[in-house]
Amino acid sequence: MPKAIEALDILRKRLPTAFPVRLGKPLPKDCEDYSTAKFSGASYILRLRPNLSEGELQDAIVHEYAHFRSWGLLQAQTYDHGPHWGIEYALVYCELIGSS
Ligand SMILES: [Zn+2]
């Protein structure tokens, strides 16, 4: 599993999103979430907790990138983990695991 910046570079090329994905300011170290995903109006913002293990980082990137992919042009900021998100999760997972 590549680091966050490399992982996003790989995903941007192989699984494009409707809006650019950018890394936002790191979350506080004591945040209970590993990561957050937001739509800014012009781009998707991924924020990560700085002290994640490699496995946690992988989980966080795959999870949030699947949200960006499933939101698409709807620009929805829902956190629904339904079938569409699940399919995107599988695609993102395969791309990242296949690249390491
Ligand atoms: Zn989620």
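Arg22 has Ile45 as its bridge partner in β3. That bridge belongs to a predicted model. Strand β1, residues 21–23, is joined to β3 by three bridges, and the two strands run parallel. The protein chain holds three helices and three strands in total. Read from the N terminus, its elements follow the order α-β-β-β-α-α.

**The sheet**

- The three strands make an open sheet, ordered β1-β3-β2, with mixed pairing. The edge strands are β1 and β2, each of which pairs on one side only. On average, neighbouring strands of this sheet are turned by 25° against each other, direction ignored.
- Strand β2, residues 35–39, is antiparallel to β3, with five bridges between the two. Ser35 has its bridge partner in β3 at Leu48. Phe39 has Tyr44 as its bridge partner in β3.
- A hairpin links β2 and β3, with four residues between the strands. Gly41 sits in the turn and has a positive phi of about 110°.
- Strand β3 covers residues 44–48. Four of its five residues are buried, so β3 is largely enclosed by the rest of the structure.
- Leu46 contacts Val21, Leu23, Gly24, Ser35, Ala37 and Glu64, once neighbours within four places in sequence are set aside.

**Helix α2**

- Helix α2, residues 54–71, packs on the sheet and touches β1, β2 and β3. Its direction makes about 20° with that of β2.
- The helix has 18 residues, which should span 26 Å at 1.5 Å a residue. Its end C-alpha atoms are 26 Å apart, so the length agrees with the expected span.
- The buried residues of α2 are Leu57, Ala60, Ile61, Val62, Glu64, Tyr65, Ala66, His67, Phe68, Arg69, Ser70 and Trp71.
- Just after α2, Gly72 takes a positive phi of about 50°.

**Phe68**

- Phe68 lies in helix α2. It counts as buried because it has 24 C-beta neighbours inside 10 Å, and the cut-off for a buried residue is 20 or more.
- Beyond residues up to four places away in sequence, Phe68 touches Thr17, Val21, Ala37 and Tyr44.
- Ala18 is 50 residues from Phe68 in sequence, yet their C-alpha atoms are 8.0 Å apart in space.

**The nonpolar core**

- The largest nonpolar core has 17 residues. Those with the most contacts inside this core are Tyr44, Leu46, Ile61, Val62, Tyr65, Phe68 and Val92.
- Two or more residues of this core come from each of α1 (4–14), β3, α2 and α3 (83–99). Helix α2 gives the largest share, eight residues.
- In soluble globular proteins, nonpolar side chains tend to be buried together.

**Whole chain**

- Buried residues account for 24% of the 100 residues in the protein chain.
- Among contacts with a separation of 6 or more, 50% are between residues 24 or more positions apart.

**Confidence**

- The protein chain has a mean pLDDT of 89. Of its residues, 89% reach 70 or more.
- Among the elements, β3 has the highest mean pLDDT, at 96, and α3 the lowest, at 89.
- Where pLDDT is low, the predicted coordinates should not be read in detail.

Key: Residues numbered from 1 in each chain as written. Predicted model: local features only at pLDDT ≥ 70, side-chain atom pairs only at ≥ 80, totals over all residues. Buried ≥ 20, exposed ≤ 12 C-beta atoms within 10 Å, placed from the backbone. Pairing = 2+ DSSP bridges. Contact = placed C-beta atoms within 7 Å. Axes fitted to C-alpha atoms, helices over the stretch in contact; angles between N-to-C directions. Core = buried A, V, L, I, M, F, W, Y, C linked by C-beta atoms within 7 Å. Expected span 1.5 Å × (residues − 1). pLDDT = per-residue confidence, 0-100.
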